[in-house]
Amino acid sequence: MSQLVKRNATRKFLAKLSNEDVEKLARLWPVRAGHKQYAIPGSWTNWLMLGGRGAGKTRAGAEWVRGMASGDRMFTKGPVGRIALIGETYAAVRDVMIEGESGLLAIHPDRERPKWISSKRQLVWNNGAVAQVFTSEEPDGLRGPQFAAAWCDELAKWNNVEETWNMLQFALRLGDYPRQVITTTPRPIGLLKKIIKDDRTLISHSTTAENRHNLAKGFLERIVGEYEGTRLGRQELNGELIEDRVDALWKRQDLELVRINLPANLRRIVVAVDPPISAGIKSDACGIVVAGLMADGRACVLEDATLAKASPHAWASRVVAAYHRWHADAVVAETNQGGDMVETILRSIDPTLPVRQVRATRGKWLRAEPVAALYERGQVAHAGAFAELEDQMCDFGPAGLSSGRSPDRLDALVWALTHLMLGRSSEPKVRTT
């Protein structure tokens, strides 16, 4: 059938409907959705929707959950009574998946809107269907409950990604055919590659530009104009799965092997800080990384507490808070740009803070190479996954990051591990007031 014949048939069909019926029809998600925002029928178990920022992933996931909970025949044979909602953090699930502009509460008409019971972390529909909230910070929360469907948002950013995913698979044991939808901007992590290769996975791929009619013109002009064609833009705008750089010092497959549980009895802990040159909305992030020395002599990365676009008081407060939270021994601060001012800012928050000033005399690549060698020798572990830090590690080449931005998190990591593992003969002594 030609497109002209289809359009004529559609016009005749609509002409027979009342205005009220036309409005109802226009509100149906399968009518409004882009073809990549709607899961085609089939025997799939995982619907993986890869997309750039603002590509409509959240709306697609929310509409799928709505259809499953309500028993919409375009989604399921009957209402699904138990659904899991999993995100990186509780705040991410609440603010994006539930209360966001494209979240579950917003897409329902008033008379059909489920009730959000924050104390129970549950959405409850009028028909009795319940969606329960879980996070990648607490994988064990998925032990015990059981579900017939699940929505996993931004899986590539999850903290305990493998453990959370595995616990969810054991929990999907209700109904005739449990299913899950995964909406995420891709990162080349092992689990995502595994899901892509799974024969039971249906894959949709959408770009930021394809949803331009729902995005601010200024956003497209500014962000797309700046990042289009770059490695970061291909990932964050086009939703492409970008593999490691050939010339990067670290590889993701190697980092997957260094993950351990939080170690006990650390011999020494430091908080390293790479302060931004300037403050304000256009400033670089303040790199803040916590690392410790284990009893066997290896180092362990404990936390990435990096803070973006913050005032000096804000990032200094974050550093001091990390120092006390981890009962650290010292703060290692790069002072190339701010000199003694960096230490002064830190001491304005805590006058007793033991600060070790370090100055870079070589380029970032040369400073990072000995630290990368520590990883190669199995001398460094990660207490969990640090997605944004590891993104910088695997995108850091001789000329820096592919985006051209400052490797703030990586710089802080290098200072921390250099202090712990590469000798102290050239380090200044702790300065005290």
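Q: In this predicted model, where a disulfide is a pair of cysteine sulfur atoms within 2.5 Å, how many disulfides does a search of the whole structure find?
A: A disulfide requires two cysteine sulfur atoms within 2.5 Å. Among the residues described here, C286 has a relative accessible area of 1% and is buried, and C394 is likewise buried at 1% relative accessibility. The number of disulfides found in the whole structure is zero.

Q: In what order do the strands of the six-stranded open sheet lie?
A: The pairing in this sheet is mixed. Its edge strands are β13 (355-358) and β14 (380-382), each of which pairs on one side only. Direction ignored, neighbouring strands are turned by 25 degrees against each other on average. The order is β13-β12-β9-β10-β11-β14.

Q: Which helix packs on this sheet, touching β9, β10, β11 and β12?
A: The strands touched are β9 (268-274), β10 (287-293), β11 (299-304) and β12. The direction of the helix makes about 170 degrees with that of β9. The helix, residues 312-325, is α12.

Q: Which residue of β13 stands opposite V332?
A: Strand β12 (residues 330-334) runs parallel to β13, and four bridges join the two. Within this pairing, V331 stands opposite V355. The residue opposite V332 is R356.

Q: Which residue in β12 is the bridge partner of V271?
A: Strands β9 and β12 run parallel and are joined by four bridges. The partner in β12 also stands opposite V355 in β13. The bridge partner of V271 is V331.

Q: Are the residues that point to either side of β12 buried or exposed?
A: A330, V332 and E334 point one way from β12, whereas V331 and A333 point the other way. Burial applies to five of the five residues of the strand. On both sides, these residues are buried.

Q: Which strands stand at the edges of the eight-stranded open sheet?
A: The strand order is β3-β4-β5-β2-β6-β7-β1-β8, with mixed pairing. Each edge strand has a single partner strand, so one side of each is left without a neighbour in the sheet. The edge strands are β3 (115-117) and β8 (201-206).

Q: Which residue of β5 stands opposite R82?
A: Strand β2 (residues 82-87) and strand β5 (residues 130-135) pair in the parallel sense over six bridges. Helix α5 (residues 90-98) lies across both of these strands, among others, and runs at about 115 degrees to β2. The residue opposite R82 is V130.

Q: How many Å apart in space, C-alpha to C-alpha, are Q169 and Q180?
A: Q169 lies in helix α7 (residues 161-171) and is partly exposed, with a relative accessible area of 29%. Helix α7 lies across strands including β7 (179-184), to which it runs at about 155 degrees. Q169 and Q180 are 11 residues apart in sequence, and their separation in space is 9.4 Å.

Q: What span should helix α14 have at 1.5 Å a residue?
A: Helix α14 (residues 364-376) has 13 residues, and the expected span is 1.5 Å times one less than that number. The distance between its end C-alpha atoms agrees with the expected value. That span is 18 Å.

Q: On which residue is the kink in α14 centred?
A: The kink amounts to about 25 degrees. Buried residues of α14 include A368, V371 and A372. Just after the helix, G378 takes a positive phi of about 75 degrees. The kink is centred on P370.

How values were computed:
Residues are numbered from 1 along each chain as its sequence is written. This is a predicted model: local features need pLDDT of at least 70, side-chain atom pairs count only at pLDDT 80 or more; totals for chains, interfaces and linings use all residues. Side-chain values use heavy atoms; hydrogens and water are left out. The bend at a residue is the angle between axes fitted to the seven residues ending there and the seven starting there. Buried means under 20% relative accessible area, exposed over 50%, partly exposed in between (1.4 Å probe, protein chains only). Two strands pair if DSSP finds at least two bridges between them. Axes are lines fitted to C-alpha atoms, for helices over the stretch in contact, and angles run from 0 to 180 degrees between N-to-C directions. Contact means heavy atoms within 4.5 Å.
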